[in-house]
Amino acid sequence: MRHLGRWSMLTVIGGTFNLIGKLFIASLTGLLGYLIITESPKYNDKLNSPLLPALLFILIGYIIGALFINIYGNAADALMHCFIVDCEINRDPQHSPEPLREFVEEEKDN
């Protein structure tokens, strides 16, 4: 409970980046899939509409993006756990990376 602000900040910022990453991967996958099936004569002649395959590409891209992006979310949570334990054991974090220490010190001053 003492570090609720830090957890809140991590949750909001991390969730936003995770959502942006998933949507970016899904959109790019859908766009590339759409371009492949509309520009290739091999697929273009056999399709009535490229809409359903493009939606399927977007869905598959979102699922794959979620699998990969969630790994980064778990890593960020683990880093925050370690940082908070370091703050609890030592008054000032001693075992955290220098950029993280500087960022936390700047936020304390504001």
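These are my notebook entries on a pocket, a surface patch and four residues in this structure.

**Entry 1: the model**

I am working from a predicted model. I keep that in mind for each value below.

**Entry 2: the largest pocket**

I looked up the volume of the largest pocket first. It is about 560 Å³. Then I asked which residues lie nearest its centre. They are Arg6, Met9, Leu10, Ala76 and Met80, from a lining of 25 residues.

Next I looked up which helices build the lining. Helices α1 (4-39), α3 (51-89) and α4 (98-109) each supply at least two residues. Which helix gives the most to the lining? It is α1, with 11 residues.

I also sorted the lining by class. I found 13 nonpolar residues, eight polar ones and four charged ones.

**Entry 3: the nonpolar patch**

I turned to the surface. A nonpolar patch there covers about 1000 Å². Its members are Leu19, Leu23, Leu56, Leu59, Ile60, Tyr62, Ile63, Ile64, Leu67, Phe68 and Ile71. Both α1 and α3 supply at least two residues each. Which helix holds the largest share of the patch? I noted α3, with nine residues. So α1 and α3 appear in my notes on the pocket lining and again in those on the patch.

**Entry 4: two patch residues**

I checked Leu59, a patch member in helix α3. Is Leu59 buried or exposed? Neither: its relative accessible area is 48%, so it counts as partly exposed. The cut-off for exposed is over 50%, and buried means under 20%.

Ile63 is also in the patch and lies in α3. Its relative accessible area is 46%, so Ile63 is partly exposed. I then looked up its separation from Ala26. The two are 37 residues apart in sequence and 8.0 Å apart in space, C-alpha to C-alpha.

**Entry 5: Phe57**

I placed Phe57 in helix α3. Phe57 has 28% relative accessibility and therefore counts as partly exposed. How many residues separate Phe57 and Thr29 in sequence? The count is 28, while their C-alpha atoms are 6.2 Å apart in space.

**Entry 6: Arg101**

Last, I looked up Arg101. It is found in helix α4, one of the helices that supply the pocket lining. Its relative accessible area is 25%, so Arg101 is partly exposed. I also took its C-alpha distance to Leu35. That comes to 46 Å, with the two positions 66 residues apart in sequence numbering.

**Entry 7: recap**

For the pocket, I keep the volume of about 560 Å³ and the 11 lining residues from α1. For the patch, I keep the area of about 1000 Å² and the nine residues from α3.

Conventions: Residues numbered from 1 in each chain as written. Predicted model: local features only at pLDDT ≥ 70, side-chain atom pairs only at ≥ 80, totals over all residues. Heavy atoms only, no water. 1 Å grid on protein atoms, 1.4 Å probe; cavity = no way out; pocket = protein on both sides within 12 Å on 5 of 7 lines; lining within 4 Å. Points joined across faces, edges and corners; volume = space filled by probe spheres on them. Helix = DSSP H or I, 4+ residues; strand = E, 2+ residues; numbered from the N terminus. Nonpolar A, V, L, I, M, F, W, Y, C, P; charged D, E, K, R; others polar. Patch = residues over 30% accessible without salt bridge, like charges linked within 9 Å, V, L, I, M, F, W, Y side chains within 5 Å. Areas by Shrake-Rupley, 256 points an atom, 1.4 Å probe, with all protein chains shown as cover. Salt bridge = Lys/Arg side-chain N within 4 Å of Asp/Glu carboxyl O. Buried < 20%, exposed > 50% of the residue type's maximum accessible area, 1.4 Å probe, protein only.
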